[in-house]
Structure formats: C-alpha cells, structure tokens
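I've got a chain open on my screen and I'd like to talk it through. Mind if I fire some questions at you?

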Amino acid sequence: QDHRLDGSAALTAAQPAERRLIVLLSVGAFGSAASLRVTDAQLPALAQTFDIGLAGAAQAITVFSVAYGLMQLLYGPLGDRHGKWRVIALAVAGASVASALCALAAGFGALLAARALAGGFCAAIIPLAMAWIGDAVAYERRQPVLARFLTGQILGMALGQWAGGLAADLDLWRLPFALLALWFACAAVLLWRARAAAAALAPPAARGGHPLREIAYVLRQRCARVVLAVVFVEGMVFFGPLAFLPTHLHLARGLSLAEAGAVVTLYAAGGLLFAFAAAPLLRRLGEAGLARGGGALIAAGLLLVAWSPVWWTAPLACLLAGAGFYMLHNTLQINATQMAPQARGAAVSLFASLFFLGQTAGVALAAASAQRAGTASILAAGALATLVVGLAFAALRERQVAVS
C-alpha cells in the first residue's frame, strides 16, 4: 500500500512538469506543421511569380514531403540512441536556418532546395515528440495526452495555410518563411534549455542499433506492418486532395487566395474540437469507433466541398473533415507509439516517414490529375478513398490486428 501511495504521489508531482514539456513540444510542432502547409494556398501565386504551372508550383510541397519522409529513417534511431529531446532541439534550430533560406531564395530552384532542407529538419520534430510522449506517458493515458500535444500541430497547419494565402494576395510570399525562421529560433532555445528536465522524465533508451537493423526490427512486428500500410494510404488519399482544397475554392468558387486559406483553417478548428473531446470520445466510441467515425466525417466534408455549388458550405465542410481526420489519425498515432516499444523512436519515425511519403504520392497524383479531371473530382475521390481507409482500420482494430 505504501508503494502504491508513493507511486501515486510521484505521478502527481511529475504531471506539471510533463504538461510544461508537452507545451514546448507543441511549440516545435506548430512550426513544423506551419512549414508543411504554408505553400498550399500559395500555389497559384508561385505559379504566376515563377512562370510555371500548378503542377510545377506543387513541387514546393512535394520536395518538403519527400525530404521529411526520407529523413525519418535516420532520425528515429538517432533519437533512440542520443535522446529524442536533444535531437528535436537541434533539428528545430536547423529548421530556423532552412526557413530563412526559403525567405531569401532568389529563384524557384533555390526555393525548392531550401524547402527540401526545411523538410529534412522538420522531419525530427513531431515524430520524435510523439515517441518521447510514448516513453514518458503510460498507454492508458497516452491518447488524450497526444491529442493535447497535437493542438500545436493543428494550429500550425491552420495558420500556415492562412498566412500563405494572405501573403500571396499581398505579393509578400517570402514573409511567412521569415516569420517561421524567427519562431523556430525561439523554440530551439526553449527546447534546449529544457533538455535536462525532459531526460529526467523519460531517460534516453540508448539502444545503439544501426538504423537499418532498427527498421528491420520494427517491420518484423505484424501490427507495425498493418499500421504502416494504413497510414501510407491515409496520407495519399487525404492529403493529396487536401492540398488542392484552397485552389478549388479559388478557381471554382471565386474566393481570393486569402479567403480560401481562411476557410480552410476551419479544418484545424475541427481538429481542436477533437483534441478537447478526445478523452470522452475514446471512452464512448473506442479506437475502432473513432477510426470509423473519422473516415465518415472526412468523406462528408470533402464531398460537401466538391459538390456544393456555393462557397458558404465550405466552412462547415472543413470543420467536419478536420474533426474526422484527427479522429482517424490520432487513433493510428496511438497504435504507432506502441507497435514496437523497444525501438519507439524508430517505429514512430517510420510511421511518419510512410505518412509523408504517402502525402507526396497523393500530391503528385492530384497535381497530375488537376488540369484533366478538375479539383472537384480529386476531392470526391479522396473522400471515398479515405472512408474506405477508416472502415478498414476499424475492422482490423476490432480483430486486434493492430496494437492491443
């Protein structure tokens, strides 16, 4: 009994420190997500500025995602060996430099190179933060904690899209990158100063394995193969169409780029609604119910944007799609943190790698199809495909194929 009381007291004492550290991780996640989405609403402006088509301008998204995805193969094992928090802090500092280079780019080629560098540094932030939370927080408390951590990512995505569209309308496309450079610089200082407290709460595992051996270990786990396959398809069928949602509202519904970016920010508001309601929703629906309901809400939202003849249904549609995405994706994330606990950094980073490689494939496919099929068809196809993903993962989870 005394031991149980001591453990309870230790948990109570640790929770304020845990909350402070998760806020710092959310600050880094904000910058990473904003950097990812800042070019979405800028595509028409970039195409005009550099005299390239939409497909050419979309390379500003794809090079970031490719670098983000590939660098996961390095960061996960590095985090397991040297400490996830330390690697995150150093990567945030690198992202500050890369964002400054984006703002200073003299031509589209230089912008693409800087975007690739930014993607490479941002690759460490969210996945290793999730892995650190997996080390520090027990599984039964982890999903609501992860949902709260995701508020930084959600707000970053929203403000990144909005700021990109506003800056494009004002012919100031460089300004968001300069602001990101400043944000990352401040975040890096805060994270570095907190590294001792982070190590006390979740000591580095120091596995010391070779990256390829760590990845092979993760892939030997059946549940890992299931979760990784599902998240790749999710990234492809949802984020490919999502990247063209502001362009659809601009070209098909007559909104300015700033207005379209502002409407799409309600996608993030839907994510925030889920973040605050995650604990009761999990108790009521379970993981399978969250995945099933998330897929259905995404389908409803994207179909409403694609088929509605008026623009003013888009805010509700984005709210639905955002809530649905985080219901589905957060369920995948909680499974990812437990699919290979002995190599959690490598496992979660591989999860993020396949998620962003899926996004890259989706954006490339959507860009190639946009001029032929139209943005409405792309959104509708993504809606139906994401519904299938949600239903399929829910069925697998109920059969205990994913993490138990």
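What follows is a back-and-forth on this predicted model.

Me: Starting with the big picture, how many helices and how many strands are there in the chain?
Reply: Helices and strands are counted here as DSSP runs, with at least four residues for a helix and at least two for a strand. On that count the chain has 17 helices and 0 strands.

Me: What radius of gyration does the chain have, and what would a compact globule have?
Reply: The C-alpha trace spans about 65 × 45 × 35 Å along its principal axes. For 404 residues, a compact globule would come out near 22 Å, and the chain agrees with that at 20 Å.

Me: What share of the residues counts as buried?
Reply: The cut-off for buried is under 20% relative accessible area. Among the 404 residues of the chain, the buried share is 58%.

Me: Let's zoom in on α7. What span should this helix have, and how far apart are its end C-alpha atoms?
Reply: Helix α7 covers residues 125-136, which makes 12 residues at 1.5 Å a residue. The expected span takes one less than the number of residues. That gives 16 Å, and the end C-alpha atoms agree, being 16 Å apart.

Me: How many of the residues of α7 are buried?
Reply: The buried residues include Ile125, Leu128, Met130, Trp132 and Ala136. The helix is largely enclosed by the rest of the structure, because the buried count is 11 of the 12 residues.

Me: On to the rings. Which kind of aromatic pair do Phe50 and Trp173 form?
Reply: The whole structure holds 12 aromatic pairs. In the pair of Phe50 and Trp173, the centres are 5.7 Å apart and the planes sit at 70 degrees. An angle over 60 degrees decides the label, so this pair is edge-to-face.

Me: How many residues apart in sequence are the parts that this pair ties together?
Reply: Phe50 lies in the loop between α2 (43-49) and α3 (54-57), while Trp173 lies in the loop between α8 and α9. Trp173 is buried, with a relative accessible area of 8%. Given those two loops, the pair ties together parts whose separation in sequence is 123 residues.

Me: Why is the pair of Phe238 and Phe239 called edge-to-face?
Reply: Both residues are buried, Phe238 at 0% relative accessibility and Phe239 at 2%. Their ring centres are 5.1 Å apart, and the label follows because the planes are at 85 degrees.

Me: Which residues do ring pairs link into a cluster with Phe238 and Phe239?
Reply: Rings pair up if their centres lie within 6.5 Å. Linked that way, the cluster holds Phe238 and Phe239 along with Phe325, Tyr326 and Phe355.

Me: Now the charges. Which helices does the salt bridge between Arg141 and Glu18 link?
Reply: There are 6 salt bridges by the rule used here, and this one has an N to O distance of 3.1 Å. Arg141 is partly exposed at 24% relative accessible area, whereas Glu18 is buried at 5%. The two residues are 123 residues apart and link α8 with α1.

Me: Are Lys84 and Asp80 buried or exposed, and which network includes them?
Reply: Lys84 has 5% relative accessibility and counts as buried, and Asp80 is buried too at 2%. Their closest N and O atoms are 3.3 Å apart in a salt bridge. The network of salt bridges links Asp80, Lys84, Asp135 and Arg344.

Me: How many residues apart are Glu398 and Arg292?
Reply: Their side chains meet in a salt bridge at 2.9 Å, N to O. Glu398 is in helix α17 (residues 375-398) and Arg292 in helix α14 (residues 257-307), so to speak distant parts of the chain, 106 residues apart.

Me: Last stop, the surface. Which residues make the nonpolar surface patch of about 380 Å²?
Reply: One of them, Leu170, is in the loop between α8 (139-169) and α9 (175-193), and is exposed with a relative accessible area of 54%. The patch is made by Leu170, Leu172, Leu175 and Leu179.

Me: Which residue in that loop has a positive phi although it is not a glycine?
Reply: The residue is found in the loop between α8 and α9 and is exposed at 61% relative accessibility. With a phi of about 60 degrees, the answer is Asp171.

Note on methods
Residues are numbered from 1 along each chain as its sequence is written. This is a predicted model: local features need pLDDT of at least 70, side-chain atom pairs count only at pLDDT 80 or more; totals for chains, interfaces and linings use all residues. Side-chain values use heavy atoms; hydrogens and water are left out. Patches are made of residues with over 30% relative accessible area and no salt bridge: like charges are joined within 9 Å, nonpolar side chains (Val, Leu, Ile, Met, Phe, Trp, Tyr) within 5 Å. Accessible areas come from the Shrake-Rupley method with a 1.4 Å probe; for residues, only the protein chains shown count as cover. A salt bridge is a side-chain nitrogen of Lys or Arg within 4 Å of a carboxyl oxygen of Asp or Glu. Buried means under 20% relative accessible area, exposed over 50%, partly exposed in between (1.4 Å probe, protein chains only). Rings of Phe, Tyr and Trp (its six-membered ring) pair if their centres lie within 6.5 Å; planes under 30 degrees apart count as stacked, over 60 as edge-to-face and the rest as tilted. The radius of gyration is taken over C-alpha atoms; the globule rule is 2.2 Å times the number of residues to the power 0.38.
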